[in-house]
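The paragraphs below walk through one protein chain, beginning with a single pairing of residues and widening from there to the whole fold. Please keep the sequence and the coordinates at hand while reading.

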Amino acid sequence: GETILIHGGAGGVGTIAIQLAKAIGARVITTARKDDHAFVRGIGADEMIDFTTEDYVDAVSQLTNGRGVN
C-alpha cells in the first residue's frame, strides 16, 4: 500500500528496484526518459516521469494528490 519513487528506472539498479517494489506490493513511480517509458512500464512501473521535461517534485505531488511518496 505504499508508494515509492525510483530515480533512473531504466538503469541497472532502477530496474531491479522497480521489480522488488512491485513484488512487495508498492505503487511505483519512476523517472526515465520518454523513450524508456514503455520499458519501465513493462517491468512494473505504474507511473513514469520524464525527467528531461518535467520537474519530478511537482509531478510526484500531482500523481499522489500532494501526499508524496513513502
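A convenient place to enter this predicted model is Ile6, whose bridge partner in strand β2 is Thr30. Another residue, Leu5, stands opposite Ile29, again in β2. These pairings belong to the contact between β1 and β2 (residues 27-31), two strands that run parallel and are joined by 4 bridges. Strands of a sheet pair in general through backbone hydrogen bonds, and the arrangement may be parallel or antiparallel.

The sheet as a whole is open and consists of 3 strands in the order β1-β2-β3, with parallel pairing. Its edges are formed by β1 (3-6) and β3 (47-49), each of which pairs on one side only. On average, and with direction ignored, neighbouring strands of this sheet are turned by 20 degrees against each other. Helix α1 packs on the sheet, where it touches β1 and β2, and its direction makes about 175 degrees with that of β1. Helix α3 packs on the sheet as well, touching β1, β2 and β3, with a direction that makes about 155 degrees with that of β3. How enclosed is β2 by the rest of the structure? Of its 5 residues, 4 are buried, so β2 is largely enclosed by the rest of the structure.

With the sheet in place, the overall plan can be read along the chain. The protein has 3 helices and 3 strands, and from the N terminus on these elements follow one another as β-α-β-α-β-α. Contacts between residues 24 or more positions apart account for 41% of the contacts with a separation of 6 or more. The C-alpha atoms fill a box of roughly 30 × 25 × 15 Å, taken along the principal axes. For 70 residues, a compact globule would have a radius of gyration near 11 Å, and the protein agrees with this because its own value is 11 Å. Buried residues make up 33% of the 70 residues.

In soluble globular proteins, nonpolar side chains tend to be buried together. Here the largest nonpolar core has 9 residues in all, namely Ile6, Ile18, Ala21, Ala26, Val28, Ala32, Val40, Ala45 and Met48. One of these core members, Val40, is in contact with Gly9, Ala10, Ile18, Thr30, Ala32, Ala45 and Met48, once its neighbours within four places in sequence are left aside.

Several individual residues show how the elements meet. Thr3 has its place in strand β1, and Thr3 counts as buried because its relative accessibility is 12%, under the limit of 20%. Leaving aside neighbours within four places in sequence, Thr3 is in contact with Arg27, Ile29, Thr64, Val69 and Asn70. Gly14 is found in helix α1 (residues 12-23), and with a relative accessibility of 6% Gly14 counts as buried. Not counting residues up to four places away in sequence, Gly14 touches Ile6, Gly8 and Gly9. Between the C-alpha atoms of Gly14 and Ala38, which lie 24 residues apart along the chain, the separation is 14 Å.

In helix α2 (residues 37-42) one finds His37, which at 12% relative accessibility counts as buried. Apart from its neighbours within four places in sequence, His37 is in contact with Ala32, Met48, Ile49 and Asp50.

The walk ends in the region around helix α3. Is Glu54, at 36% relative accessibility, buried or partly exposed? Glu54 is found in the loop between β3 and α3, and at 36% relative accessibility Glu54 counts as partly exposed, because that value lies between the limits of 20% for buried and 50% for exposed. Glu54 touches Ile49 and Ala59, not counting residues up to four places away in sequence. Computed along the chain Glu54 and Val13 are 41 residues apart, and in space their C-alpha atoms are 22 Å apart. At the start of α3 (residues 56-63), a side-chain oxygen of Asp55 reaches to within 2.8 Å of the backbone nitrogen of Val57. Just after α3, Asn65 takes a positive phi of about 55 degrees.

Terms used: Residues numbered from 1 in each chain as written. Predicted model: local features only at pLDDT ≥ 70, side-chain atom pairs only at ≥ 80, totals over all residues. Heavy atoms only, no water. Polar contact = N/O pair within 3.5 Å; in protein donor to acceptor, adjacent residues only side chain to side chain. Buried < 20%, exposed > 50% of the residue type's maximum accessible area, 1.4 Å probe, protein only. Contact = heavy atoms within 4.5 Å. Pairing = 2+ DSSP bridges. Axes fitted to C-alpha atoms, helices over the stretch in contact; angles between N-to-C directions. Core = buried A, V, L, I, M, F, W, Y, C linked by side-chain atoms within 4.5 Å. Rg over C-alpha atoms; globule rule 2.2 N^0.38 Å.
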